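Student: Could you take me slowly through one part of this protein, the largest pocket, and tell me what surrounds it? I would like to see how the residues there relate to the rest of the fold.

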Amino acid sequence: FIFGLICKFGTRIQSFGWGIVPMLQPLTAALFPVSSLPVPLQYVSYVMPTTHIFEMIRGSISGVPDTILQSMALNGFILNCVWFTACILVFRRLYASSHVTGQFARNEG
């Protein structure tokens, strides 16, 4: 998705690409459990595939039953497929648009 934005808007948007990852990391449950987030952010967090994987790892350490762990892994896999498909579709549109506008061929260096 971010590469599509770079193709569409040029290299001036690269700083956005580097900055978006640290902004989203607290929502992925990489550093702390989702339960420590405010309730509205918990809903946002559960839309990200990595949240399910990190919560699954925490659950396996704390003794959560295997059926729940398997459903967490399945949810993460399904969300990953959905996000991957959506990003490919957005990338294709941005890439095609960058060819039309000529942004892809410009050198901003």
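Tutor: What follows starts with the fold as a whole, turns to the pocket, and then follows the chain outward from there.

Please keep in mind that this is a predicted model, and that the values below are computed from it. The secondary structure comes to 5 helices and 0 strands, so that, read from the N terminus on, the elements run α-α-α-α-α. The C-alpha trace spans about 55 × 25 × 20 Å along its principal axes. The radius of gyration is 18 Å, whereas a compact globule of 109 residues would have one near 13 Å. Of these 109 residues, 24% count as buried.

Now to the pocket itself. About 650 Å³ of space lies in the largest pocket, and its lining is made up of 21 residues. Three elements give two or more residues each to this lining, namely α2 (14-24), α4 (49-62) and α5 (66-101). Of the elements, α5 gives the most, with 7 residues. If you would like to find the middle of the pocket on the screen, look for Leu24, Met48, Pro49, Trp83 and Cys87, which are the lining residues that lie nearest its centre. As for the chemical character of the lining, 16 of its residues are nonpolar and 5 are polar, while no charged residue is found among them.

Two of the names just given lead on to a cysteine in the helix that gives the most to the lining. Cys81 has its place in helix α5, and its C-alpha atom is separated by 9.1 Å from that of Pro49, although the two residues are 32 apart along the chain. Since Cys87 is one of the residues nearest the centre of the pocket, you may wonder how the sulfurs of Cys81 and Cys87 are placed with respect to each other. The closest cysteine sulfur to that of Cys81 is the one in Cys87, and it is 12 Å away, which is too far for a bond, because a disulfide needs the two sulfur atoms within 2.5 Å. Cys87, likewise, is in no disulfide, as its nearest cysteine sulfur is that of Cys81. A search of the whole structure agrees with this, finding 0 disulfides. Both cysteines fall in the middle class of exposure: Cys81 is partly exposed, with a relative accessible area of 35%, and Cys87 is also partly exposed, with 27%.

Staying with helix α5, you can look next at its aromatic residues. The structure holds 1 aromatic pair, and this pair is formed by Phe91 and Tyr95, whose ring centres are 5.5 Å apart and whose planes meet at 25°, so the pair is stacked. Both residues lie in helix α5, 4 residues apart, which is about one turn of the helix. Phe91 is partly exposed, with a relative accessible area of 24%, and Tyr95 is partly exposed as well, with 30%.

Finally, there is a residue in a loop that deserves a careful look at its backbone. Ala29 is found in the loop between α2 and α3 (39-45), and thus follows α2, one of the elements that help to line the pocket. Its phi is near 65°, a positive value in a residue other than glycine. Ala29 is also buried, because its relative accessible area is 2% and a residue counts as buried under 20%.

Terms used:
Residues numbered from 1 in each chain as written. Predicted model: local features only at pLDDT ≥ 70, side-chain atom pairs only at ≥ 80, totals over all residues. Heavy atoms only, no water. 1 Å grid on protein atoms, 1.4 Å probe; cavity = no way out; pocket = protein on both sides within 12 Å on 5 of 7 lines; lining within 4 Å. Points joined across faces, edges and corners; volume = space filled by probe spheres on them. Nonpolar A, V, L, I, M, F, W, Y, C, P; charged D, E, K, R; others polar. Buried < 20%, exposed > 50% of the residue type's maximum accessible area, 1.4 Å probe, protein only. Phe/Tyr/Trp six-rings, centres within 6.5 Å; stacked < 30°, edge-to-face > 60°. Rg over C-alpha atoms; globule rule 2.2 N^0.38 Å.
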